[in-house]
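Here are a few short exercises to work through with the coordinates open. Try each task before you read its solution.

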Amino acid sequence: MTFGFAPPPHTPPPTSADSAARLGRMLEPAEWASAGIPLLRNPREVVTGLHDRHRPGPSTAIVAVLDPQERVTASASFTEPAAAPDGWEFRNALLTHLRRVIPHDLRLRSPVRTAVLLYCREGEPRWTETDGAWMWGLRDACTLHGLRCGAYITLTSERWQVLGEGRGGRRPSRSPTDKPDAPAHRVGSGRIPAPRTTSARSDAPRMTAPAAPRRSAPRSTGGGAPEAHRHTAAR
């Protein structure tokens, strides 16, 4: 005799429910375009700067925070394991890395900084379900971190493409030999400070030569004549 609870025969398997929920956590290009995402003034400069800084390989995401002048304030790159695209998982990953590189702006009445996402992947530049999940995750992560949701950019072996805008270019592009630098999580700032050079201080006593006896120099008056000459003239 065994005890237990058997699921009702009409209950769909968990995989079907998960798949339906996952499909609800993605955005299509038309939804993205109608969401009022701010346009980048110079997307090529942003893409080139992030590519040079992080050198992304396949399945690498780069999230960057821009100030009002579109300068990169902070950025982080990371690689997600190959799995079914889920906007929830992507949102959590983006939040984790945003919290590591920059404080939230939730105390502000309106966002002043913008987050953009560059995703390096295989395949054609056109929209995929993975892109839709990243869009959903980026929008939700920005809301929870007090940022304005910015552009979503894909980088393939053919070109880079700002989805929802129709702007793109062939350089930079992902090379088949590109591999993400180790560690996968990298942090970069918009302005890289110049290295500070400091002289090393040694704790060992330094040997110095004995100082020669000092001669008292004749004092000079306002006119520049030594005091000894003044006494001679007074005789």
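**Exercise 1. Classify the burial of arginine 91, then trace its side-chain contacts.**

Step 1. In this predicted model, arginine 91 has a relative accessibility of 11%. The cut-off for buried is under 20%, so arginine 91 counts as buried.

Step 2. Look for an acidic partner: arginine 91 forms a salt bridge with aspartate 140, with 2.6 Å between the closest N and O atoms.

Step 3. Place both ends. Arginine 91 belongs to helix H4 (residues 87-101) and aspartate 140 to helix H5 (residues 129-145), so this pair ties together parts that are 49 residues apart in sequence.

Step 4. Check the partner's accessibility: aspartate 140, at 23%, counts as partly exposed.

Step 5. Now inspect the rings. Arginine 91 also lies over the face of tryptophan 88, 5.4 Å from the ring centre.

**Exercise 2. Compare the settings of two further salt bridges, starting from aspartate 67 and aspartate 131.**

Step 1. Aspartate 67 meets the side chain of arginine 71 in a salt bridge, at 2.9 Å from N to O.

Step 2. Aspartate 67 is buried at a relative accessible area of 15%, while arginine 71 is partly exposed at 37%.

Step 3. Aspartate 131 and arginine 121 also form a salt bridge, at 2.9 Å from N to O. This pair links distant parts of the chain, ten residues apart: aspartate 131 is in helix H5, and arginine 121 is in the loop between strand E3 (114-120) and H5.

Step 4. Here both aspartate 131 and arginine 121 are buried.

Step 5. To close the tally, the count comes to eight salt bridges.

**Exercise 3. On how many sides of H3 do its buried residues lie?**

Step 1. Check the helix geometry. H3 (residues 43-54) has twelve residues and spans 17 Å from its first C-alpha to its last, close to the expected 16 Å.

Step 2. List the buried positions: Pro43, Val46, Val47, Leu50, His51 and His54.

Step 3. These residues cover an arc of only 125° around the axis, which puts them on the same side of H3.

Step 4. Follow the backbone onward: just after H3, arginine 55 takes a positive phi of about 45°.

**Exercise 4. Characterise the ring pair of tyrosine 119 and tryptophan 134.**

Step 1. The structure holds three aromatic pairs. In this one the ring centres are 5.2 Å apart and the planes meet at 45°, so the pair is tilted.

Step 2. Tyrosine 119 sits in strand E3 and tryptophan 134 in helix H5, so the pair ties together parts 15 residues apart in sequence.

Step 3. Both tyrosine 119 and tryptophan 134 are buried.

Step 4. Widen the view: Phe78, Phe90, Tyr119 and Trp134 form one aromatic cluster.

Terms used: Residues numbered from 1 in each chain as written. Predicted model: local features only at pLDDT ≥ 70, side-chain atom pairs only at ≥ 80, totals over all residues. Heavy atoms only, no water. Salt bridge = Lys/Arg side-chain N within 4 Å of Asp/Glu carboxyl O. Buried < 20%, exposed > 50% of the residue type's maximum accessible area, 1.4 Å probe, protein only. Helix = DSSP H or I, 4+ residues; strand = E, 2+ residues; numbered from the N terminus. Expected span 1.5 Å × (residues − 1). Arc of directions from axis to C-beta. Phe/Tyr/Trp six-rings, centres within 6.5 Å; stacked < 30°, edge-to-face > 60°. Lys NZ or Arg CZ within 6 Å of the ring centre and 35° of its normal.
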